Amino acid sequence: MKLRDLSDLAFRNLREAVLRNSLTTLGVAVGVASLVAMLSLGVGLQQLATSRLAKSGLFDSIFVTPKTNLRGPGGGPPATRTPDAKARPLDADARAEISRMPNVVEVYPQIRFFTEVRYDGKPYATMVAGMPESSKASGAFDGMQGRFFSSPNADEAILQAEFAKELNLQTSSLIGKDLVLRYAERQSLGAPAGNSTGSSGGFSVVPKEKHFQIIGVVETEPASGFGGFGSGRLLIPLPIAETLRAAQVNDLRDILRDSSSDKPTYSSLTVRVRKPSMVEETEKKLKDLGFGVFSLLDVSKSLLTFFRVLDLLLLIFSSLALAVATLGIINTLVMAILERRREIGVLKALGAADGDVKQLFFVEAGVMGLVGGLLGVGFGWLIGRVLNFATEIYLHRQNLPGVQIFSVSWALVLFAMGFAIIVSLAAGLYPASRAARLDPVQALRYE
Amino acid sequence: MATQLMTELPPAIRLESVSRRYTMGESVIRAVNDVSLTVPSGEFLALLGSSGSGKSTLLNLIAGLDRPSSGAVIANGQDLSKMSSLELARYRRQTVGMVFQSFNLLPRMTLEENVELPLRLAEVDRSERAARVREALQRVGLEKRIGHRPSELSGGEQQRTAIARALVNRPKILLADEPTGNLDSTTGEVILTLLREIQNNPGMTIVMVTHERTLAERFADSLAVMGDGKLLSNGAAR
């Protein structure tokens, strides 16, 4: 029989016992809905975690240090402990060279220095951190009081909430006010007389002041974590921080080293690449250039493995509902065989082959799977939307930015549909072969 | 001339020592026991016998719905006992048409859809189907009831629809199992008149199982009488 005729007969048969078939189809729909809801929760959580981490710059960043560093940043793994023949200074030239590397989107130094802040006539000691423009998208500034820097060269400051409370318990009243930053500027000295080696003459430290306007207060610690030498509690635009030429920890090391260059060196550079997948390749190139490198690549891989296992577990548990629905299909079709025994006999007497009868029941199972799958995907999507909405309302009441914990992708929709149809066809296997095996003589005698 | 032509043609059906045995527990039931019979092409044969004589079993063997335990059933030159189940299905689609005592129309389908069913199974082109269905229903005088369902028809009309369904694939052999069994005598006569017309007009071989000897003698060309699974007699009806 042609597929169109088969489908026509199958739909007709399904309409005949519309209540029973609808309930069975609904069972499939519930199974698929649970599958879609569970998997979309897994995918949503994975996307939420990876996007947050990607936005934080942890997984697409490489921390570059000169190989002569004794320790990696923030208690990270030790870099080379002995001076390397290939080691080269991490200076402006190196920064420019790294910036030109393929897939590199941003290279910026870690600038953190101790300072004294004068506000309302009182001194406060704290750590200043330069923040790159890209940190705005990191999510760390979401939900902050005030706003982010108006431009990379604005004399503006954002205070970390704890530090802001030291200045004034009413942190919102700080916004718009001015403060004075007192810091130590590094000024190079000429080479001492009689020094024929060309070595640098070191530098002097000169106290300086600069006025900043407070434009925001942030609850999180955007300058902490990977690559940080400690939390920056007063945040200023990175280009401004660079122009200050404030003396930093590595300046002392520069004096001790035999440096033939007047150019300031960086204790570390953060290199951001386009995608986390490009970290490994870029890391290798940076090592070849003679730098020490560190990234959270392995952590990223572990996270991915965790979510894969989570997805698998969610798939197994949600498949249980679909397995129950499968039993429903088998039951419905076996009942249909009993009811339509005589009809099967007539079909065979009129020339239907065993295969025709088998296909007819297969198509009926497939239609239940298809319709159940479509409804299930719809239900699953709806469940996701409702829970996303509820989550947003809850987080909004907690004064937290909203998140999407469910994500129904087209790939998931196609997978769920395909899974529902395959499972339904598998469920139709036994009833279909049982119907095909019916003896037409016995079937025609059946009352 | 017609008789001469008939004898020149190979027989439509030939049964060679056909037996059909069923095992029930330890006892063996011989539903058909060593029956040999030849039905010439274009003949109307009535199979007579009391209930349980084996006539319906024999008809099922000729229809390819059942297989003989021994012997050969040769229909339209093909040995059914050697056919695969797929080949038997094709034989039932293309060579034979069946009419049953209880009509066996599908109740949820209209007359048109019931008659179209064998055409669907034979994968006849959709564009051709409507004309073939109308032609078959015209043949039995029911073309005006094309959109009705079986439950809206009388018993005679339902049997005429079943005949139209059996004819629609233009088979060479028509097999009827007690076609008048559920009908009153007048309607039964109408049905047998119709079968006789069909036998004459397209030139079809008909094997009809019945227990009504009077009607069989009036309408059939020959009679075969069965008893206890055996062929008791075989000869001309009149």
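The exercises below work through a predicted two-chain model, each with a stepwise solution.

Residues are numbered from 1 along each chain as its sequence is written, and chains are lettered from A, with ligands numbered from 1, in the order in which they are written. In this predicted model local features need pLDDT of at least 70 and side-chain atom pairs count only at pLDDT 80 or more, while totals for chains, interfaces and linings use all residues.

**Exercise 1. Chain profiles**

Task: State how many helices and strands chain A has, and do likewise for chain B.

Solution.
- Step 1. Fix the terms. Helices (H or I, at least four residues) and strands (E, at least two) are DSSP runs, numbered from the N terminus.
- Step 2. Chain A has 12 helices and 11 strands. Chain B has eight helices and 10 strands.
- Step 3. Add burial. A residue is buried if 20 or more other C-beta atoms lie within 10 Å of its own, exposed if 12 or fewer, and partly exposed in between; C-beta atoms are placed from the backbone. Of the 447 residues in chain A, 39% are buried. Of the 238 residues in chain B, 44% are buried.
- Step 4. Add contact range. Two residues are in contact if their C-beta atoms, placed from the backbone, lie within 7 Å. Take contacts between residues at least 6 apart in sequence. In chain A, 82% of these join residues at least 24 apart. In chain B, the share is 69%.

**Exercise 2. Two helix crossings**

Task: Describe how H4(B) and H6(B) cross, then H1(A) and H10(A).

Solution.
- Step 1. Axes are lines fitted to C-alpha atoms, for helices over the stretch in contact, and angles run from 0 to 180 degrees between N-to-C directions.
- Step 2. The axes of H4(B) (residues 111-121) and H6(B) (residues 155-167) come within 7 Å and cross at roughly 30 degrees. The two helices are therefore roughly parallel. That label covers angles under 35 degrees; over 145 is roughly antiparallel, 65 to 115 roughly perpendicular and the rest oblique.
- Step 3. Their crossing is right-handed. A crossing is right-handed if the near helix is turned clockwise from the far one by less than a right angle, and left-handed if anticlockwise.
- Step 4. H4(B) supplies Leu111(B), Asn114(B), Val115(B), Leu117(B) and Pro118(B), and H6(B) supplies Thr161(B), Ala164(B) and Arg165(B). The split is five nonpolar, two polar and one charged. Here Ala, Val, Leu, Ile, Met, Phe, Trp, Tyr, Cys and Pro count as nonpolar, Asp, Glu, Lys and Arg as charged, and the others, Gly among them, as polar.
- Step 5. Turn to chain A. The axes of H1(A) (residues 3-16) and H10(A) (residues 354-397) come within 9 Å and cross at roughly 65 degrees. This crossing is right-handed.
- Step 6. Residues of H1(A) in the contact include Leu6(A), Phe11(A) and Leu14(A); those of H10(A) include Leu360(A), Val363(A) and Val367(A). The contact has eight nonpolar, three polar and one charged residue.

**Exercise 3. The chain contact**

Task: Which element gives the most to the side of chain B that touches chain A?

Solution.
- Step 1. The contact takes 19 residues from chain B and 16 from chain A.
- Step 2. On the chain B side, H2 (55-63), H3 (85-94) and H4 give two or more residues.
- Step 3. H3(B) gives the most, with five residues.
- Step 4. This side of chain B has 10 nonpolar, three polar and six charged residues.

**Exercise 4. Positive phi**

Task: Is Phe103(B) buried or exposed? Is Glu123(B) buried or exposed?

Solution.
- Step 1. Most residues other than glycine have a negative phi.
- Step 2. Phe103(B) has a positive phi of about 65 degrees. Phe103(B) sits in the loop between S6 (96-99) and H4 of chain B. Phe103(B) is buried because 23 C-beta neighbours lie inside 10 Å.
- Step 3. Glu123(B) has a positive phi near 55 degrees. Glu123(B) is in the loop between H4 and H5 (126-139) of chain B. Glu123(B) is exposed because 11 C-beta neighbours lie inside 10 Å.

**Exercise 5. A glycine in a strand**

Task: Describe the surroundings of Gly130(A).

Solution.
- Step 1. Gly130(A) lies in S4 (residues 122-131) of chain A.
- Step 2. Gly130(A) is buried, with 24 other C-beta atoms within 10 Å.
- Step 3. Not counting residues up to four places away in sequence, Gly130(A) touches residues including Ile111(A), Ile236(A) and Leu238(A).
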